[in-house]
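Work through the exercises below with the sequence and the model in view. Each task is followed by a solution in steps.

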Amino acid sequence: MERIQAQANKLWQIVSSPSTVKAYQETLALTWAILKETGQLLWLLLCLGLVAGDWFWKKSYKAGQDARVWIDAMQTKVETPEEEATQATSTADFLSETGKSLLATGQATVTRLLNTAKEQLGLEVTSEPPAKPVPVETPPAPPKAVSPSATSTTQPTEAIAPVETPSELSTQALEDE
């Protein structure tokens, strides 16, 4: 038993010595600094990824638009005068306008997100004007058929009393008893 007490005392002296406390405090402080700097690095890498993704998106979008213009120009040269562009249906126009409106809203949100990421990286924030949402034009509603009996101009002469619900009737019956 004395041997156990001696070993416990020896361990307690090592653990409670000022040099041990100081070593553990330094270790915890260094570990915290490492975790904090790692977190900041990860955040900056995320911001860099967002900015790089935005750059790639813009370049890809521009290349797609240029290819579309080129293809349209090639098709226009081949078409004869009789094959002029036809009018799209009202449904296609409606869907097109709706898509443009949704795209404008999404672009405004992404622009704010990217400007925040650029600000975090210390890059120049582009002050692009917010995208104006494209107004969505709804197709005209078909005319409603009106029956002669539905267009009566006479007003009811009696007020209609509200109907009591079954729960109100049972509550009233209990109160009467």
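A residue is called buried when its relative accessible area is under 20%, exposed when that area is over 50%, and partly exposed in between. The model used here is predicted.

**Exercise 1.** Decide whether Asp 54 is buried or exposed, and find what it touches.

Solution.
- Step 1. Locate the residue: Asp 54 belongs to helix α2.
- Step 2. Take its relative accessibility, which is 12%. Because the limit for burial is 20%, Asp 54 counts as buried.
- Step 3. Set aside neighbours within four places in sequence; Asp 54 is then in contact with Leu 114 and Lys 118.

**Exercise 2.** State how many salt bridges the structure holds, and describe the pairs.

Solution.
- Step 1. The structure holds 2 salt bridges. Side chains of opposite charge can pair when their charged atoms come close.
- Step 2. One bridge links Lys 58 to Asp 54, with 3.5 Å between the closest N and O atoms. A salt bridge requires such atoms within 4 Å.
- Step 3. Lys 58 and Asp 54 are 4 residues apart in helix α2, so about one helical turn separates them. An α-helix has 3.6 residues a turn, so residues three or four places apart point the same way.
- Step 4. Compare the two partners by accessibility: Lys 58, at 40%, is partly exposed, whereas Asp 54, at 12%, is buried.
- Step 5. Lys 62 and Asp 66 also form a salt bridge, at 3.3 Å from N to O. They too lie in helix α2, 4 residues and about one helical turn apart.
- Step 6. Lys 62 is partly exposed at 47%, and Asp 66 is partly exposed at 40%.

**Exercise 3.** Find which residues make the nonpolar surface patch, and which helix gives the largest share.

Solution.
- Step 1. The patch covers about 440 Å² and is made by Trp 43, Leu 44, Leu 46, Leu 50 and Leu 113.
- Step 2. Helix α2, residues 18-78, gives the largest share, 4 residues.
- Step 3. Leu 113 lies in helix α3, residues 90-121. Its relative accessible area is 47%, so Leu 113 is partly exposed. Patch residues need over 30%.

**Exercise 4.** Check the span of helix α1 against its number of residues, and say how many of them are buried.

Solution.
- Step 1. Helix α1 has 15 residues, and at 1.5 Å a residue the expected span is 21 Å. The multiplier is one less than the number of residues.
- Step 2. The end C-alpha atoms of α1 are 21 Å apart, which agrees with the expected span.
- Step 3. The number of buried residues in α1 is 0, so this helix lies largely in the open.

**Exercise 5.** Describe the chain as a whole, and say where the confidence is lowest and highest among its elements.

Solution.
- Step 1. The chain has 4 helices and 0 strands, in the order α-α-α-α from the N terminus.
- Step 2. Of its 177 residues, 7% are buried. The chain exposes about 16,200 Å², with 64% supplied by carbon and sulfur atoms.
- Step 3. The mean pLDDT is 75, and 61% of the residues reach 70 or more.
- Step 4. Among the elements, helix α4 (residues 166-176) has the lowest mean pLDDT, 53, and helix α1 (residues 2-16) the highest, 93.
- Step 5. Over residues 83-88 pLDDT stays under 50, and the model has 1 contact beyond four places in sequence for them.

Methods
Residues numbered from 1 in each chain as written. Predicted model: local features only at pLDDT ≥ 70, side-chain atom pairs only at ≥ 80, totals over all residues. Heavy atoms only, no water. Patch = residues over 30% accessible without salt bridge, like charges linked within 9 Å, V, L, I, M, F, W, Y side chains within 5 Å. Areas by Shrake-Rupley, 256 points an atom, 1.4 Å probe, with all protein chains shown as cover. Salt bridge = Lys/Arg side-chain N within 4 Å of Asp/Glu carboxyl O. Helix = DSSP H or I, 4+ residues; strand = E, 2+ residues; numbered from the N terminus. Buried < 20%, exposed > 50% of the residue type's maximum accessible area, 1.4 Å probe, protein only. Contact = heavy atoms within 4.5 Å. pLDDT = per-residue confidence, 0-100.
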